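Let's take a walk through this structure, strand by strand and then over to the ligand. Keep the 3D view open and follow along.

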Amino acid sequence: MPTPTQQNALFLQAKQGEFAVASRPVPKLGPGEILVRNEASGLNPVDWKIQAYGIFVEKYPAVLGIDAAGIVEAVGQDVTRFKTGDKVLYEGLRTDGNDRATFQQYTLVPADLAAKLPDSLTFEQGAALPLALTTAAVGLYNQEGGPLFTPPWLEGGRGKYAGPIVVIGGSSVVGTLAIQLARLSGVSPIITTASLKNTALLQGFGATHVLDRNLPAAALREEVVKIAGGPVSTVYDAISLPETQNAAFDLLAPGGKLILVLASAVDEEKKKNANDRSIVGTLGLIQLPQNVEFGRALYSKLTSLLEAGDLKPLRVEVVPGGLGGIPTGLEKLKNDQVSAAKLVVRPQETA
Ligand SMILES: NC(=O)c1ccc[n+]([C@@H]2O[C@H](COP(=O)([O-])OP(=O)(O)OC[C@H]3O[C@@H](n4cnc5c(N)ncnc54)[C@H](OP(=O)(O)O)[C@@H]3O)[C@@H](O)[C@H]2O)c1
């Protein structure tokens, strides 16, 4: 079948406006790019935050969406890694031109920032991974001021590290990937917080100790010190709400690093008595200049990491209705109604 010239996309029509499905052109390929027919697109908390708070996007109508997996529809000049018909997963990008976002049926992707999807994973499982994987990986391995561990996909990185880590919010999509990467890096014990109903699931990903996310800060510190033998040098806060950040900061040993996924909200008073403890933010956007090289290396190894089971797929929940189902899914994310799962839609099922 020839590639269509028009497609369905979900537009955020105006700043803090409503979402609506409408038609837009299928993007035109450039050199080094692939055109992907999206079979699954993942929803992220940032998508509802953009709509609710009017942040990050200036040009409207805008197509959002960062996570996807699908089938290569066409390849641009100079692309040798992929051919038409390959199954891939990739991290998209919001841009003014809308061509790289994933809440649409076809997306343009830089070929060196996509990976073949192993047959053992569904499209939905593939679409669950990209942004969270980058966010976890950049925080541990590539963020200036962070721990800058050697990634486990580079020579000498696998199992290189010993010593504890705490992952706040291990059942979040980002937290689950941080646990898995910490395991590949050799870090142990891997202590995490979550609802205790998710304990077995998180142990399956590599957590050694799952603590109740509702523990008060002092009790959490007491438990962590008991398990780790003292305060710890690395804490990854995958939730980064003011209360988790402040509790997380108190878990750090002198010189330790707190990695955040949202802006810092650690109390000024705590920071004054930091004792060389530091706070670093992580940005999971793989197409940012500071992440591109790192991303290329990761995506060149991602298929084999998935095939070998080094990285395990996450639980997914399919939101019905194709692209038109996204607003319902975002409402669930906003209302904290999703536990230990990634919400995905199937763009080709859009009515
Ligand atoms: N900086 C970046 O580039 C970047 C990239 C991606 C995401 N983010 C941000 O990272 C955060 C997580 O995103 P996500 O997609 O991973 O979220 P998510 O999976 O939708 O988060 C839901 C999970 O969070 C857990 N949770 C909620 N509050 C918690 C708390 N106080 N303590 C421990 N666990 C808690 C819940 O655990 P239980 O069900 O077990 O209770 C649930 O499993 C969001 O704020 C998002 O905007 C930032």
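Start at strand β9, residues 165-168, which runs parallel to β10 and is joined to it by 3 bridges. If you want one pair to click on, take Val166: its bridge partner in β10 is Ile191. Before going further, bear in mind that you're looking at a predicted model.

Now zoom out from that pair of strands. β9 and β10 belong to an open sheet of 6 strands, ordered β11-β10-β9-β12-β13-β14, and the pairing is parallel. Which strands stand at the edges? They are β11 (209-212) and β14 (278-281); each has a single partner strand, so one side of each is left without a neighbour in the sheet. As for the twist, neighbouring strands of this sheet are turned against each other by 20 degrees on average, ignoring direction.

There's another sheet to visit. This one is open too, with 3 strands in the order β2-β1-β4, but here the pairing is antiparallel. Its edge strands are β2 (19-25) and β4 (62-63), each of which pairs on one side only. Strand β1, residues 6-12, runs antiparallel to β4, and 2 bridges join them. Leu12 is a handy marker here, since its bridge partner in β4 is Ala62.

While you're at Ala62, have a look at the backbone around Pro61, which sits in the loop between α1 and β4. The peptide bond from Tyr60 to Pro61 is cis, with omega near 0 degrees. A cis bond also joins Ser188 and Pro189, with omega about -5 degrees. Pro189 is in the loop between α4 and β10, so to speak of β10 again brings us back to the parallel sheet. One more backbone detail is Asn98, whose phi is near 70 degrees, a positive value in a residue other than glycine. Look for Asn98 in the loop between β6 (87-91) and β7 (106-110).

On to the ligand. Where does it lie relative to the domains? Domain 1 (6-129 + 313-349) and domain 2 (132-281) both give residues to the shell around the ligand, so the ligand lies between them. Several elements supply at least two shell residues each: α1 (45-53), α3 (130-142), α4 (173-185) and β10 (190-194). You've already met β10 as a partner of β9.

Who comes nearest? Of the 26 residues around the ligand, that would be Ser171, Ser195, Arg213, Gly284 and Ser339. By residue class, the shell divides into 13 nonpolar, 11 polar and 2 charged.

Some of the polar contacts are worth displaying as distances. A polar side-chain atom of Arg213 is 2.7 Å from a ligand oxygen atom. Asn198 also brings a polar side-chain atom to the ligand, 2.8 Å from an oxygen atom. With Gly284 the backbone does the job: one of its polar backbone atoms is 2.7 Å from an oxygen atom of the ligand. How much of the ligand does the protein bury? Taken alone, the ligand exposes 940 Å², and the protein buries 88% of that.

Conventions:
Residues numbered from 1 in each chain as written. Predicted model: local features only at pLDDT ≥ 70, side-chain atom pairs only at ≥ 80, totals over all residues. Heavy atoms only, no water. Near = heavy atom within 4 Å. Polar contact = N/O pair within 3.5 Å; in protein donor to acceptor, adjacent residues only side chain to side chain. Areas by Shrake-Rupley, 256 points an atom, 1.4 Å probe, with all protein chains shown as cover. Helix = DSSP H or I, 4+ residues; strand = E, 2+ residues; numbered from the N terminus. Nonpolar A, V, L, I, M, F, W, Y, C, P; charged D, E, K, R; others polar. Domains from an automatic or database assignment. Pairing = 2+ DSSP bridges. Axes fitted to C-alpha atoms, helices over the stretch in contact; angles between N-to-C directions.
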